[in-house]
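Colleague: Could you walk me through this model? I would like to hear about its core, a pocket and some aromatic rings.

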Amino acid sequence: MTQIAIVTYPGFTALDFIGPYEVLHFLPDTQVRFVWHKPGPITDGSGVLVIGATHSLAETPSPDIILVPGGPSTAEHARDRELLDWLRRAHQTARWTTSVCTGSVILAAAGLLDGRRATSHWMTLSALKAFGAVPVGDERIVVEGEPGKGIATSAGVSAGIDLAMWLAGKICGEGRAKAIQLAIEYDPQPPFDSGHMSKASTTTKAAATALLTRDAVTPAQVKATTLLLWDQALKAVRSRRRRRLVPSSA
């Protein structure tokens with residue numbers, strides 16, 4: 001039995017986890033858990049969609065696959081000590097630890113991306129660098145680690161479906177993954193070609209930034225982001241001081 005734990009924190013972006021779930025629940029001999037501090041209703045970032053966490057973090061100590069979605073509240077949950085501790089412990093035994101969109105910031109805050117290449121939503125790539133990761137903006141999925149044991153981060157929102165298809169291939173083989181792709185009729189043919197920063201016009205970039213900022217720039221989110229960056233800056237300063245205080249071996 002392959003156990004997949006999808007972290008469903010308040011303020012998640014719906015497609016970040018629903019897209020991967022729609023792929024992963026088709027895998028044979030697999031149990032998908034929506035995990036949070038305790039089971040119960042969880043509301044997405046829009047405040048409209050409500051889903052249920054099926055299991056607590058404590059009830060799910062060693063899943064085979066971990067998936068962390070992104071969302072407007074990422075900065076808040078990147079300071080959640082219980083969540084970060086759970087991620088560190090669960091990662092030690094997981095086959096794959098993965099993220100969608102800004103979920104990679106939470107992985108980075110847990111120290112799982114130190115010195116590793118990783119991607120995220122284009123608006124959040126710079127934040128990864130602050131946590132010691134190596135930001136990658138031109139790859140849909142970035143994989144680090146050995147075959148069958150590693151970390152995979154994906155770009156923004158819809159990239160979670162691609163990540164899940166990739167995982168399906170790794171877990172049960174290309175044949176099953178292709179069958180799932182056909183079952184959900186995943187054959188993207190968008191009417192527009194502005195899905196990456198390299199393709200979008202200046203006007204489109206400005207409009208997209210305005211759309212995202214509308215949800216992210218609330219007093220609570222600004223405070224959470226400021227505190228998260230402050231924590232990291234303080235950690236970096238203290239680390240530099242400790243290095244200066246260590247006597248040279250020469």
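Modeller: Happy to! This is a predicted model, and Leu87 is a good place to begin: beyond its neighbours within four places in sequence, Leu87 is in contact with Ile66, Val68, Ile106, Leu107, Ala110 and Leu112.

Colleague: Which residues have the most contacts inside the largest nonpolar core, and which helix gives the most to this core?

Modeller: The largest nonpolar core holds 60 residues, and Trp86 and Leu87 have the most contacts inside it. As for the helix, seven residues of this core come from one element, residues 159–172, which is helix α6.

Colleague: Which helix gives the most to the lining of the second largest pocket?

Modeller: This pocket has a volume of about 190 Å³ and 13 lining residues, with Arg81, Ala109, Asp231, Gln232 and Lys235 nearest its centre. By type, the lining divides into six nonpolar, two polar and five charged residues. Both α3 (81–93) and α9 (219–245) supply at least two residues, and the helix that gives the most, with four residues, is α9.

Colleague: Why is the pair of Tyr21 and Phe34 edge-to-face, and is Tyr21 buried or partly exposed?

Modeller: The structure has five aromatic pairs; in one of them, Phe17 and Phe34 are edge-to-face, at 5.2 Å centre to centre and 80 degrees between the planes. For Tyr21 and Phe34, the centres are 5.3 Å apart and the planes stand at 70 degrees, over the cut-off of 60, so this pair is edge-to-face. Phe34 is buried, with a relative accessible area of 14%. Tyr21 has 28% relative accessibility, so Tyr21 counts as partly exposed.

Methods: Residues are numbered from 1 along each chain as its sequence is written. This is a predicted model: local features need pLDDT of at least 70, side-chain atom pairs count only at pLDDT 80 or more; totals for chains, interfaces and linings use all residues. Side-chain values use heavy atoms; hydrogens and water are left out. A nonpolar core is a set of buried Ala, Val, Leu, Ile, Met, Phe, Trp, Tyr and Cys residues joined through side-chain atoms within 4.5 Å. Buried means under 20% relative accessible area, exposed over 50%, partly exposed in between (1.4 Å probe, protein chains only). Contact means heavy atoms within 4.5 Å. On a 1 Å grid over the protein atoms alone, a cavity is a set of points where a 1.4 Å probe fits but cannot get out, and a pocket is an open set with protein on both sides within 12 Å along at least five of seven lines; lining residues have an atom within 4 Å of a point. Grid points are joined across faces, edges and corners, and a volume is the space filled by probe spheres set on the points. Ala, Val, Leu, Ile, Met, Phe, Trp, Tyr, Cys and Pro count as nonpolar, Asp, Glu, Lys and Arg as charged, and the others, Gly among them, as polar. Rings of Phe, Tyr and Trp (its six-membered ring) pair if their centres lie within 6.5 Å; planes under 30 degrees apart count as stacked, over 60 as edge-to-face and the rest as tilted.
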